[in-house]
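Notebook open, cysteines on the list for today. I wanted to look up the disulfides and where their ends sit.

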Amino acid sequence: MHAPNASHPRTSGRVRRLTFTAAAGLLAVGLLGSQAGWAQASVAATGATATTTAVVPAAAPHAGTGTATARSVNVRQAATAPRIAPTALNPAQRAALSRAAAARPALPSKPTTGSKPVPAKATVSGANHVAHTVASAVIRPQVAPPVVTNFAAVNESLSACGCQPPDVNAAVGANEITEMVNLRLEVYNKAGAALCGIGLNSWLGTSDSLSDPRVMYDNVNGRYLFVLTIVPASGTATPAIWLGATQTNNPCGGWWIYRPTFAGGSFPAGTLLDYPMMGQDRNAMLLSTNNFPASGGENFTVFGVPKSAIYSGGGFSFSAFSTASSVTPVSNGGIPMISTSRSYFLGSVPGTGYRLYNLTNSGGSGAVLTLQATISSAFSAPPRRVNQPGTTSTLDPLDGRIDWSPVNDGSFIWFAHGIDIGGFPGIRYGAISISANSATVADAYHSGTSDDFNPSVGVGNSPAGGNYIYVNWAYTDSPAGVATSDTVDSVNPGGGVPSLIGTGVVLVNGSATGETRFGDFSSVAIDPANSNGSCAVSAQQYFNSDGSWATRIARLGTC
């Protein structure tokens, strides 16, 4: 969460977004198929690191419980009702947001001279190819995907609060693209024409102070899912979030809306459930939160909510579990989504590597969370703030956490996050072997002098074998005079995990800004209308020429 400045919609300093006042590069890396043996050989052939330190699996502590009942809301009908504005933040809410902001390390702002070291480009040969069964499937290891649609989406003036940062993300269904940004839900057709939209407070019928919306599409059941943070109004408020799902595949129609409340050792009264991250498998909506009790401190929890209850409008309850650090729920890939016996959560840990948790019976009452492995693949978090040309204002690249749902292709879990590359903020992407508990990673950045940040990853499973792995990020390049640009790169099935350096296509060139906060996440979603996984939708932030934020949605690949 970010404490907003009530005097002006664009704040300064290290603050996270939230509501303000009541007035208010896509990369396709083709790699892994469903056969674990071929996939492991493919990873090894790239020359990237693959290391592991396993731990004895241990059940995670029980953190508390949650319960919820349903309410039905129609987007188009709610949009015709009187607008509901968020309540102005009170001192208790500002204190909660300040505790959350202070939990991240403050990064220095300083110029950087020189350039990053350039790793050798990986080659593709032998075991690094997959045997395709269709004659037209010519392997092209690394190419920028075709841009099918590229349009301006929700911006600061349409955000229902005018506050920063936007934290853009979007989901793509059979017919639409649904974007949730800041305090706005907006639905587009796949050509970019707006179909419906509403402020989140008006939609939910609440004056709660809201933040951190996430949205996804379930391609098995044809439903959209969302989650949203509530800033507690006082130190005695019951901890809660908003979540829900569409009643059909139409995001402009009816939704089942829930306001789960939490109790137990990790959820004392007044706790802010910050930074809610969402993933999914066939059985459950998977969630994690960073919790900030009113009395101080921080703890981390994960839980699964049964889809059978959410989709039927039934009530539900669930158990939550503690983790050692912030983790992100993993989504199952595939069209249709693959079925797995376990759900997964993955956390990136600077100086160490990764923590992989698995959750059994994620949609049921007997759920158990286990730390499966601590995986050695050391990295350093981004070393400083992001520079912009022509201004001393800098942007926050976050702290090396995984800030969008990783994807499970059946054998590997794909992820992306920020790192330190030669003193510059940069990107690491790669895959965790579920069976071997090992990591294979590579770097991504636009140029030797760019600052690269805010990545997300998506995975399209190819029926011919292997995957399309999509990574989306933003960058600036002060020596080259380039500000807030969004980039796309790609590697087709069989291409391994090569370093991605200056080989992508730029979706939009933005401008420098006096704002000091960039969004905490972006997204990539696979279009279910194309069953071979080669079509994706990316959502990312940039800045307009007046310094205000805007978002960009692109449909890419073979669509």
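Entry one. I started at the C-terminal-side numbers of my list and found a disulfide joining Cys 535 to Cys 559, with an S to S distance of 2.0 Å. I kept in mind that this is a predicted model.

I then checked the handedness. The torsion about the S-S bond of Cys 535 and Cys 559 is about 95°, so this link is right-handed. The two ends come from distant parts of the chain, 24 residues apart: Cys 535 belongs to strand S36 (residues 535-543), and Cys 559 lies in the segment after strand S37 (549-557).

Buried or exposed, I asked of Cys 535? Cys 535 is buried, at 0% relative accessibility. Its partner Cys 559 comes out at 41%, which I logged as partly exposed because that falls between the 20% and 50% cut-offs.

Entry two. How many disulfides does the structure hold? I get two. The other entry in my notes is Cys 196 with Cys 252, S to S 2.1 Å. I read -95° about that S-S bond, and the link is left-handed. This pair also ties distant parts of the chain together, 56 residues apart. I placed Cys 196 in strand S9 (residues 194-199) and Cys 252 in the loop between strand S12 (241-246) and strand S13 (254-258).

Last lookup, accessibility again. Cys 196 has a relative accessible area of 10%, so I put it down as buried, the cut-off being under 20%. Cys 252 is at 3%, and I marked Cys 252 buried too.

Terms used:
Residues are numbered from 1 along each chain as its sequence is written. This is a predicted model: local features need pLDDT of at least 70, side-chain atom pairs count only at pLDDT 80 or more; totals for chains, interfaces and linings use all residues. Side-chain values use heavy atoms; hydrogens and water are left out. A disulfide is a pair of cysteine sulfur atoms within 2.5 Å. Helices (H or I, at least four residues) and strands (E, at least two) are DSSP runs, numbered from the N terminus. Buried means under 20% relative accessible area, exposed over 50%, partly exposed in between (1.4 Å probe, protein chains only).
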